[in-house]
Amino acid sequence: MSQSLAFANAWTLAKTLMVCVVVFHADAGHFGVMPAAEYDGDPGAVIHEFDPFQS
């Protein structure tokens with residue numbers, strides 16, 4: 001997934017589920033999105049975290 005698509009999906013997921021969501025660098029220029037509570041990968045791979053409760 002491209003970075004712009006990952007950011008768009010992450011924001012939508014965070015606002016829909018009302019949970020913190022992380023965007024992380026997966027491999028070879030690809031990015032992933034998942035709820036922060038479920039992410040157990042390398043903390044250094046996290047690009048951004050979306051918090052739906054932050055104003």
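What follows is a chat between two people about a predicted model.

Colleague: Let's begin with the helix. How does the reach of H1 sit against what's expected at 1.5 Å a residue?
Modeller: H1 runs over 3–17 and has 15 residues. At 1.5 Å a residue, the expected reach is 21 Å. From first C-alpha to last, H1 comes close to that, at 21 Å.

Colleague: Which residues of H1 are buried, and how do they sit around the axis?
Modeller: Buried here means under 20% relative accessible area. On the other side of the helix, Ser-4 and Thr-16 are exposed. Looking down the axis, the buried residues of H1 fall within an arc of 60°, so they line one face. Those buried residues are Ala-6, Ala-10 and Ala-14.

Colleague: And what do the buried residues of H1 pack against?
Modeller: H1 lies across the strands E1, E2 and E3, and runs at about 30° to E3. Its buried residues have packing partners in strands at 21–25, 31–35 and 46–50. By name, those strands are E1, E2 and E3.

Colleague: Now the core. Which element gives the most to the largest nonpolar core?
Modeller: That core has seven residues: Ala-6, Ala-10, Ala-14, Val-21, Val-23, Phe-31 and Phe-50. The elements that give two or more residues to it are H1 and E1. With three residues, the one that gives the most is H1.

Colleague: Take one of those core residues, Ala-14. What does Ala-14 touch beyond four places away in sequence?
Modeller: Ala-14 is one of the buried residues of H1, and Val-21 and Phe-50 are in the core alongside it. Leaving out residues up to four places away, Ala-14 touches both of these, and also two others. The full list is Val-19, Val-21, Phe-50 and Pro-52.

Colleague: On to the sheet. Which strands stand at its edges, and why is one side of each left without a neighbour?
Modeller: The sheet is open, with three antiparallel strands in the order E2-E1-E3. On average, neighbouring strands are turned by 20° against each other, direction ignored. An edge strand has a single partner, so one of its sides has no neighbour in the sheet. The strands at the edges are E2 and E3.

Colleague: How many residues of E1 are buried?
Modeller: E1 pairs in the antiparallel sense with E2 over five bridges, and likewise with E3 over four bridges. The rest of the structure largely encloses E1, because most of its five residues are buried. The count is four.

Colleague: What are the bridge partners of Val-23 in E2 and in E3?
Modeller: Val-23 belongs to the core and has a bridge partner in each of E2 and E3. For comparison, His-25 has Phe-31 as its bridge partner in E2. For Val-23, the partner in E2 is Val-33, and the partner in E3 is His-48.

Colleague: How far apart in space are Val-33 and His-48, C-alpha to C-alpha?
Modeller: Val-33 is in E2, and both residues are bridge partners of Val-23. In sequence, Val-33 and His-48 are 15 residues apart. In space, C-alpha to C-alpha, the distance is 9.8 Å.

Colleague: Is Val-33 buried or partly exposed?
Modeller: Val-33 has plenty to touch beyond its sequence neighbours, including Met-1, Ala-6, Ala-10 and Leu-13. Buried would need under 20% relative accessible area. Val-33 has 22%, so the label is partly exposed.

Colleague: Backbone now. Which residue in the turn of the E1–E2 hairpin has a positive phi?
Modeller: Most residues other than glycine have a negative phi. The hairpin of E1 and E2 has five residues between the strands. The residue in question has a phi near 45° without being a glycine, and its 70% relative accessibility is over the 50% cut-off, so it counts as exposed. It is Ala-28.

Colleague: And which residue with a positive phi follows H1?
Modeller: Look in the loop between H1 and E1. The residue there has a phi of about 55° although it is not a glycine. Its relative accessible area is 36%, so it is partly exposed. That residue is Met-18.

Terms used: Residues numbered from 1 in each chain as written. Predicted model: local features only at pLDDT ≥ 70, side-chain atom pairs only at ≥ 80, totals over all residues. Heavy atoms only, no water. Core = buried A, V, L, I, M, F, W, Y, C linked by side-chain atoms within 4.5 Å. Buried < 20%, exposed > 50% of the residue type's maximum accessible area, 1.4 Å probe, protein only. Contact = heavy atoms within 4.5 Å. Expected span 1.5 Å × (residues − 1). Arc of directions from axis to C-beta. Pairing = 2+ DSSP bridges. Axes fitted to C-alpha atoms, helices over the stretch in contact; angles between N-to-C directions.
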